[in-house]
Structure formats: structure tokens, C-alpha cells
Amino acid sequence: YNFGLMKWTWDEDAVNSKIVTENVASVLVEKMNRLQEETQRVLMVASCLGATFRLSAVMMVMKNISQVEMRVSMRDSMRSVSGTAATMGSSSVSLLSLDL
């Protein structure tokens, strides 16, 4: 509200650009949601690294994420099998030995 003019005023260009920006964002989100899960994960990592990044950096982070996920998955599997340790073949693995 513009008290000097005693009426509502707005910047029509700003309003229109805001609507277009929101529509573009919605379209981009929709398109990204259709990508394969692994591609989405790579994009999430890359977005954390900034506007420019080295592919090798993304791959290094993805490798570390995969290792952590594998450890968590192993830990959860072993907990469901025996509570604190699981026997795999002839070797026993303790949850305490997992570096999480």
C-alpha cells in the first residue's frame, strides 16, 4: 500500500517475473524428479560443491557416500541377524569394528 498515493500500487514487471521464476523452478524440479536416482544423487553432490567443480571431486564424494551407506547397511543387517555381531562364513564381524 502506498500511503502517499493512498492506494495499492505494485511493479507489474516484478510481479510477472516472480510468477515466471516460480513456474521455471517448478518445471525444473519436475524434470529433475524424473531423472534416475543415481543421477539425482550426483546432482545433489555437485550442487554442494558450487557453481563450478571438478568431476573427480564429485566422484570422490560419491565413492565416500557409497562406502558410508554400505557400512550403515551392513550394520543394520547384522543387527537384524544377531543383535551385535554376525557370522559370515568362517569370520565374525562385530558392529564395534565398523567405522561409521
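**Figure 1. E30 and its salt-bridge partner R34.** E30 is partly exposed in this predicted model. Its relative accessibility is 48%. That value falls short of the exposed class, because exposed means over 50%. The side chain of E30 meets the side chain of R34 in a salt bridge. The distance from N to O is 3.2 Å. R34 has a relative accessibility of 61%, so R34 counts as exposed. This view thus pairs a partly exposed residue, E30, with an exposed one, R34. The structure holds 2 salt bridges; the next view shows R41 and E38, whose side chains also meet in one.

**Figure 2. A salt bridge within helix 2 joins R41 and E38.** Both residues lie in helix 2, which covers residues 37-49. They sit 3 residues apart, about one turn of the helix. Their side chains meet at 3.9 Å, N to O. The pair counts as a salt bridge because the cut-off is 4 Å. E38 is partly exposed, with a relative accessible area of 43%. R41 is buried, with a relative accessible area of 19%.

**Figure 3. R41 and its contacts further along the chain.** R41 belongs to helix 2. At 19% relative accessibility, R41 counts as buried, because buried means under 20%. Which residues does R41 contact, leaving aside neighbours within four places in sequence? They are M62, I65 and E69. R41 also has its salt bridge with E38. Across the chain, buried residues make up 11% of the 100 residues.

**Figure 4. A nonpolar surface patch includes M6 and V15.** Six side chains belong to this view: Y1, F3, M6, W8, W10 and V15. Together they make a patch of about 810 Å². M6 lies in the segment before helix 1, which spans 12-33. V15 is found in helix 1. M6 counts as exposed, at 56% relative accessibility. V15 counts as partly exposed, at 39%. M6 has another feature to look for: its phi is near 60°. That is a positive value in a residue other than glycine. For the chain, the accessible surface comes to about 8300 Å². Carbon and sulfur atoms account for 60% of that surface.

**Figure 5. The elements of the chain and their confidence.** The chain has 3 helices and 2 strands. Along the sequence, they follow the pattern α-α-α-β-β. Which element has the highest mean pLDDT, and which the lowest? Helix 2 has the highest, at 87. Strand 2, residues 91-94, has the lowest, at 39. The chain averages a pLDDT of 74. In all, 71% of the residues score at least 70. Contacts give another view of the fold. Among contacts between residues at least 6 apart in sequence, 20% join residues at least 24 apart.

**Figure 6. The end of the chain, residues 83-100, has low pLDDT.** Over residues 83-100, pLDDT stays under 50. How many contacts beyond four places in sequence does the model have for residues 83-100? It has 26. Strand 2, residues 91-94, has a mean pLDDT of 39. Where pLDDT is low, the predicted coordinates should not be read in detail.

Conventions:
Residues are numbered from 1 along each chain as its sequence is written. This is a predicted model: local features need pLDDT of at least 70, side-chain atom pairs count only at pLDDT 80 or more; totals for chains, interfaces and linings use all residues. Side-chain values use heavy atoms; hydrogens and water are left out. Buried means under 20% relative accessible area, exposed over 50%, partly exposed in between (1.4 Å probe, protein chains only). Helices (H or I, at least four residues) and strands (E, at least two) are DSSP runs, numbered from the N terminus. Contact means heavy atoms within 4.5 Å. Accessible areas come from the Shrake-Rupley method with a 1.4 Å probe; for residues, only the protein chains shown count as cover. Patches are made of residues with over 30% relative accessible area and no salt bridge: like charges are joined within 9 Å, nonpolar side chains (Val, Leu, Ile, Met, Phe, Trp, Tyr) within 5 Å. pLDDT is the predictor's confidence in each residue, from 0 to 100.
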